[in-house]
Amino acid sequence: FGMIANLELQEIALYSMMKKIDKFLGIGSDMFFSVPLDMTAIEKRAYYHVVNGHWLRQNRVYMVEAPIADALAMGIRMEKNEGSMVVNIGAQSTQFSILTDGNIIMSRKVPIGGRQMNEAICAEIRTGKRLKIAMGRLNDQRKDARKVVGIDSISGLPREEIISGYVVNAGIMDCVNAIAAEMKIFLERIPPQI
């Protein structure tokens, strides 16, 4: 759920990824981490430990708040920005943030994300992620269909079924509507000068 649970294992994973990029990278490097806004001091210390542990040494660690990292990744100019809204739909949650002049004015996280969309599709058909990615286009109502193979929840026997894009969109729609409602409430709270 986005937390560092095993520091040594995380350090080895980071070291292995960095060695694939550059075998000299990792000693005396600048490390930037995208971190959540509600991070505790213990979680911050975990990031420092991962980057300056046994495998990696003497690195400078910079923690960038996730909404700012998202805005930079999308190409939003941070200086002289009168106001931008960043919505990040993640696996477990969706975060809304208002940025102006390089600062986060307000932010809110709601517990609706890709995982809940998968579960909503599963409630419709009992399979999820591949269908969501392949067919979940809310603005495009093409008549796509996919063959789904799975276990029939009533008989317990293997079964094949053709599933249309309408079924997938129906499963996603509740989650998307909930995100849109939260976004509307969030927009109403923005200070008028922004």
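Three strands of this predicted model form an open sheet, lined up in the order 3-4-5 with antiparallel pairing. Strand 3, residues 84-89, and strand 5, residues 103-110, stand at the edges; each has a single partner strand, so one side of each is left without a neighbour in the sheet. From one strand to the next, the twist averages 15 degrees.

Let us look at one of these pairings in detail. Strand 3 and strand 4, the latter covering residues 94-100, run antiparallel and are joined by six bridges. If you would like a place to start in the 3D view, find methionine 85: its bridge partner in strand 4 is isoleucine 98.

Strand 4 also holds serine 97. Is this serine buried or exposed? Serine 97 counts as buried because its relative accessibility is 1%, and the cut-off for buried is under 20%. Its surroundings can be listed by name. Leaving aside neighbours within four places in sequence, serine 97 is in contact with Ser84, Met85 and Val86, with Met106 and Ser107, and with Pro67 and Phe186. With one of these residues there is a polar contact as well: the side chains of serine 97 and serine 107 are joined at 3.1 Å.

Which helices lie across these strands? One is helix 3, residues 66-73, which lies across strand 3, strand 4 and strand 5 and runs at about 75 degrees to strand 4. Another is helix 6, residues 165-188, which also lies across strand 3, strand 4 and strand 5, but runs at about 30 degrees to strand 4.

Helix 3 deserves a second look. Its buried residues are Ala66, Pro67, Ile68, Asp70 and Ala71. What covers them includes strand 3, strand 4 and strand 5, together with strand 1 (30-35) and strand 2 (60-65). After helix 3 comes glycine 75, with a positive phi near 85 degrees.

Strand 1 and strand 2 bring us to another pairing. These two strands pair in the parallel sense, over six bridges. Here you can look for phenylalanine 33, whose bridge partner in strand 2 is methionine 63. To get from strand 1 to strand 2, the chain crosses through helix 2, residues 41-51, and this β-α-β crossover is right-handed.

Next, turn to helix 1, residues 7-21, where glutamate 11 has its place. Glutamate 11 has a relative accessible area of 3% and is therefore buried. What does this glutamate touch, once its neighbours within four places in sequence are left aside? Glutamate 11 is in contact with His49, Val50, Gly53, His54, Trp55 and Leu56. You can also trace a link between separate parts of the chain here: glutamate 11 and valine 51 are 40 residues apart along the chain, while their C-alpha atoms are separated by 6.8 Å.

The loops have some details of their own. Lysine 80 sits in the loop between helix 3 and strand 3. Its phi is near 55 degrees, a positive value in a residue other than glycine. Lysine 80 counts as exposed because its relative accessibility is 77%, and the cut-off for exposed is over 50%. Further along, aspartate 101 is found in the loop between strand 4 and strand 5. Aspartate 101 has a positive phi too, near 50 degrees, and is likewise a residue other than glycine. At 48% relative accessibility, aspartate 101 counts as partly exposed.

Finally, step back to the whole protein. How many helices and strands does its secondary structure hold? There are six helices and seven strands. Read along the sequence, they follow the pattern α-β-α-β-α-β-β-β-α-α-β-β-α. Of the 194 residues in the protein, 31% are buried. Contacts across the sequence can be summed up too: among those with a separation of 6 or more, 53% are between residues 24 or more positions apart. As for the outside, the accessible surface comes to about 12,800 Å², and carbon and sulfur atoms account for 55% of that surface.

Notes:
Residues numbered from 1 in each chain as written. Predicted model: local features only at pLDDT ≥ 70, side-chain atom pairs only at ≥ 80, totals over all residues. Heavy atoms only, no water. Helix = DSSP H or I, 4+ residues; strand = E, 2+ residues; numbered from the N terminus. Buried < 20%, exposed > 50% of the residue type's maximum accessible area, 1.4 Å probe, protein only. Contact = heavy atoms within 4.5 Å. Pairing = 2+ DSSP bridges. Axes fitted to C-alpha atoms, helices over the stretch in contact; angles between N-to-C directions. Right-handed = clockwise from strand over helix to strand, strands pointing away. Areas by Shrake-Rupley, 256 points an atom, 1.4 Å probe, with all protein chains shown as cover. Polar contact = N/O pair within 3.5 Å; in protein donor to acceptor, adjacent residues only side chain to side chain.
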